[in-house]
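This report describes selected features of a predicted model. It covers one chain as a whole, a pair of helices, a chain contact and a single helix.

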Amino acid sequence: MKYVIRITAIIAACIFYGAFFCHAETSVSYDIFFKANRLYDDGDFAGAAKLYEELISKGVLSGNIYYNLGNAYYKMGKTGKALLNYERAKKFIPDSEELSANVSFIKSTLDVEQPEETYSIYQKIWRSIRGAVSVSAWFIISAVLFFSICLILGIGFINYHFRPKSHLISGTLTLIFILSFICFFDAYNSGKNFKEGIIILPEADVRYSPSYSGVVAFKLSEGMRAQIIRGQDPWTHIRLSKEKSGWVESEAIEAIW
Amino acid sequence: MWKRIGSFLILGVFLICCAAVTFAREAEVSISVSQKEVLLGDSVILTITVKGIPNPETPELPDIPGFDVKFRGFRQESFSSMTIIVNGRQVKNERTGGGYNFDFELIPQSTGVLTVPPLPIVINGTKYTTQAFQVNVLDQSEKREDIFIDVHFDKTKAYLGEKFLATFKWYFSKDIANYRINIPWLENIKDFLVTDPELDKDRSYQRLIVNGDKQIAAIKSREFYKGQEYMVVSFQKVLTPLAAGIYRLEPVFLKCDVITGYRRSRRGSLFDSFFDSDFEDFFGFGRDAVTEPFATRSNEIALTVNEVPGQDKPVEYNGAVGRFTFDVDVKPRSLKVGEPITLTMKVAGSGNIEQLQLPHIPDIESFKSYEPESKVNITQENGQVRGEKIFEKVLIPRSPGDYKIPEITFAFFNPATGRYQTEVRGPFSIHVDKAEKEEEVTVIAITPEGPEDRPRRELKVLKKGIHYIMTDIGKIVSPKKPIYENIVLSLLVFLTPVIMLVGMFVFGRRRERLNTDIAFARSRQAFKSSRIFIKQAELALKNGQTREFYDLLIKGINTYLAEKLNRQLGSVGVTLAEELRGKGLKEKECEEFTSLYEKANEVIFSSLNVESEKLKKDFKTANELITRLERILR
């Protein structure tokens with residue numbers, strides 16, 4: 001009995017200490033966040049940005065931190081960095097009205113129109129289906145469907161009378177599962193192979209080859225969005241649309257993720 | 001059946017292991033080092049080559065004592081294919097390359113023989129360990145008068161809020177083939193913000209590479225120094241202290257190859273191709289130059305940052321340090337209700353312009369105010385950072401009348417005089433008339449609770465801007481990989497339902513067979529059915545009921561055999577001995593089987609007395625027989 005009490009006390013102490021440590025860690029993060037907000041209110045946007053970046057580098061990630069960082073960069077005149085952090089904030093707070101409003105406002109101030117990729121009707125339909133939910137959501141849907149298929153088939157094996165129905169239901173679910181798994185796989189590959197980035201310098205020359213002697217194809221302004229194909233330091237291969245791709249200095253573009 | 005399932009599982013696991021081993025054999029990780037002897041200020045490139053793994057993740061190097069480590073980038077080797085054809089027939093086709101090279105820059109921090117220990121690296125979840133190696137770091141070369149660097153700060157003591165202007169100048173009167181500049185405090189310096197000064201748009205700048213990959217806008221010029229003409233490459237950095245204290249900045253390192261001669265004459269202007277992409281043609285000279293390495297460094301510099309004095313600090317002081325002028329403009333002074341007034345406050349001069357905060361403006365009754373906008377213009381004159389910060393605040397009067405915008409005070413600390421200064425502007429008189437069009441009011445009923453019918457104005461957006469920051473940190477998400485990037489967990493997610501399905505399939509099949517195959521069902525039931533009689537026989541044994549004991553024992557065996565062989569109870573007995581021998585029962589066991597029946601008959605029909613030991617032995621024999629039959633009669 002004494003042994004049990006001792007073990008229970010040790011485990012309770014560990015849990016309490018762990019909770020206290022986590023709380024202490026969280027408290028420090030809140031302190032830094034509020035200090036950054038005070039600096040922002042006082043007009044020290046560079047100081048505020050530095051503290052928000054410090055939080056992010058420590059692994060404290062939230063949509064509000066990225067949003068505030070975007071605001072600080074905008075106030076510093078760095079629209080590219082502002083848009084970049086707003087895009088990062090979208091992952092956490094996609095439904096934020098303030099975020100959408102700020103992004104729309106900044107995009108309306110850009111000098112150059114963002115070229116849009118042209119898709120066929122089938123590509124548009126596929127992209128809208130694939131983009132309906134996140135990659136994680138597709139994975140969960142596929143996993144749940146697969147589990148359901150196996151469960152229904154299994155019940156059919158056990159219960160003879162249910163067997164014909166189980167084949168029908170599992171067959172239908174299998175078709176949906178195949179579709180959802182393809183959506184997951186395509187979304188996962190797209191996210192892995194085709195990163196997106198934002199131009200963070202006032203102007204960036206896009207050249208046909210990764211060299212300063214390469215011909216400048218066109219210029220991008222701060223805040224424009226491009227697909228990052230691959231990096232080859234100090235150059236990055238980017239693509240805006242079917243006819244607009246080239247090489248830009250790696251310093252000029254920063255990946256959203 | 002279970003044996004078959006087990007065999008398939010073992011075979012499957014074996015095949016997977018073979019595939020994994022085969023796959024693992026193809027992966028290859030190796031390291032190489034650009035040089036093992038360097039001058040202090042130079043760096044070593046450590047290249048990790050990965051082959052056989054598609055799209056490997058960038059490996060992370062741990063801290064290496066004595067070195068600063070930076071990731072320089074990765075290169076992919078292109079594939080090359082070689083086909084050997086003999087007598088018109090292809091006999092060999094080799095494909096090589098396709099590896100990934102990850103370059104890490106190791107910058108030594110001191111002279112001497114430094115050891116890089118074995119480094120553990122993880123690539124796509126697999127751990128590898130590099131070999132240890134040594135790097136001999138030599139001290140700088142002897143000083144030269146034809147090449148040197150100078151790092152100068154406009155001041156070494158300042159107050160918190162003041163900026164330091166650092167000017168870097170590289171003098172040389174010899175031709176240079178390659179160069180490398182390291183500024184340790186450029187990127188990560190505690191308690192300082194390092195920024196670039198405003199560039200002069202009318203001047204042309206060149207890009208200079210420092211710290212391996214940082215590009216800086218530099219000016220090239222000619223200067224006379226101690227009676228000698230030099231080419232000078234110079235640039236500036238602005239350091240803004242964030243905390244008081246004494247700070248020691250490490251020396252700036254320069255390493256370059258000085259051209260001592262040429263193999264063939266191909267001379268051009270020193271800066272003709274300053275920023276050619278081909279590094280070897282940096283200064284416009286080809287690979288034909290004969291060079292000699294040279295390294296040097298500037299002196300260590302100490303900067304002192306003091307807090308502004310606490311004595312005589314005005315209440316309105318908000319951190320402004322420098323020399324400033326302060327102007328306030330209010331327009332218009334006469335207006336109507338609903339029209340905006342713009343209060344413009346301009347602070348100009350030299351100091352911490354960017355960090356200036358809005359001077360305090362007390363609230364004015366009957367005026368609606370909006371969050372102020374600010375903009376900053378910074379210029380650089382004679383090495384001094386100057387500029388202006390303009391605050392604009394919009395006020396809208398709600399009702400007509402004569403108002404006064406009270407005095408606005410701006411306080412700052414002047415480091416030149418060592419005192420605080422206070423500038424006061426205002427008060428400002430404002431006259432507000434009624435709005436041009438009176439709103440038409442139709443009174444339907446005037447009762448304490450009754451409604452009033454009043455037409456309303458449309459809400460107009462005066463000016464667009466960004467929304468305020470979030471005041472709450474929000475939901476914090478831990479930066480962990482999603483489940484689908486963990487192969488083991490992903491496999492588990494999909495494998496578990498399969499295992500469940502297999503289990504349900506096996507269970508379902510067995511159940512079906514039990515329902516349809518009587519022989520199978522009876523066979524499965526045999527042991528259980530016999531146990532009823534065996535247990536009763538055990539009870540009879542304990543109670544010393546010999547006849548009953550043997551009767552129940554034989555019934556147990558007969559029940560077992562009848563169920564197992566799908567026969568009628570009356571048709572089984574000692575006569576099955578031969579049949580059981582044919583099915584695998586050993587000779588001795590057959591004899592035991594037969595003698596058990598004979599004994600039982602003797603006891604049952606002739607009331608023979610049997611010793612208790614014998615009874616126990618027969619009980620044991622019967623149990624062993626049934627167990628043995630259970631194994632051979634599947």
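Among contacts in chain B between residues at least 6 apart in sequence, what percentage join residues at least 24 apart? The share is 71%. Chain B has 634 residues, of which 23% count as buried. Its secondary structure consists of seven helices and 33 strands.

**Helix pair in chain B**

Helices α4 (residues 546-565) and α6 (residues 587-606) of chain B have axes that come within 9 Å and cross at roughly 140°. An angle over 145 degrees would count as roughly antiparallel; α4(B) is therefore oblique to α6(B) at its crossing angle. The crossing of the two helices, α4(B) and α6(B), is left-handed. On the α4(B) side, the contact is made by B:T546, B:R547, B:Y550, B:D551, B:L553 and B:I554. On the α6(B) side, B:Y597, B:K599, B:A600, B:V603 and B:I604 take part. By residue class, the contact of α4(B) with α6(B) has seven nonpolar residues, one polar and three charged.

**Contact between chains A and B**

Chain B puts 42 residues into its contact with chain A, and chain A puts in 45 residues. On the side of chain B that touches chain A, β4 (67-76) and α2 (487-516) each supply at least two residues. Helix α2(B) gives the most to this side, with 12 residues. The residues of the side of chain B that touches chain A comprise 23 nonpolar, 11 polar and eight charged.

The table sets out the residue classes for the two sets described above.

| Set of residues | Nonpolar | Polar | Charged |
|---|---|---|---|
| Contact of α4(B) with α6(B) | seven residues | one residue | three residues |
| Side of chain B that touches chain A | 23 residues | 11 residues | eight residues |

**Helix α4 of chain A**

Helix α4 (residues 79-92) of chain A has 14 residues. From its first C-alpha to its last, α4(A) reaches 21 Å, close to the 20 Å expected at 1.5 Å a residue. Why is α4(A) described as largely enclosed by the rest of the structure? The reason is that 10 of its 14 residues are buried. These buried residues of α4(A) are A:T79, A:G80, A:K81, A:A82, A:L83, A:L84, A:N85, A:Y86, A:R88 and A:A89. In chain A, the buried residues of α4(A) pack against helices α3 (63-75) and α5 (97-108) and against strands β1 (195-199) and β7 (253-255).

Notes. Residues are numbered from 1 along each chain as its sequence is written. Chains are lettered from A and ligands numbered from 1 in the order in which they are written. This is a predicted model: local features need pLDDT of at least 70, side-chain atom pairs count only at pLDDT 80 or more; totals for chains, interfaces and linings use all residues. Helices (H or I, at least four residues) and strands (E, at least two) are DSSP runs, numbered from the N terminus. A residue is buried if 20 or more other C-beta atoms lie within 10 Å of its own, exposed if 12 or fewer, and partly exposed in between; C-beta atoms are placed from the backbone. Two residues are in contact if their C-beta atoms, placed from the backbone, lie within 7 Å. Axes are lines fitted to C-alpha atoms, for helices over the stretch in contact, and angles run from 0 to 180 degrees between N-to-C directions. Angles under 35 degrees count as roughly parallel, over 145 as roughly antiparallel, 65 to 115 as roughly perpendicular and the rest as oblique. A crossing is left-handed if the near helix is turned anticlockwise from the far one by less than a right angle, and right-handed if clockwise. Ala, Val, Leu, Ile, Met, Phe, Trp, Tyr, Cys and Pro count as nonpolar, Asp, Glu, Lys and Arg as charged, and the others, Gly among them, as polar. The expected span of a helix is 1.5 Å times one less than its number of residues.
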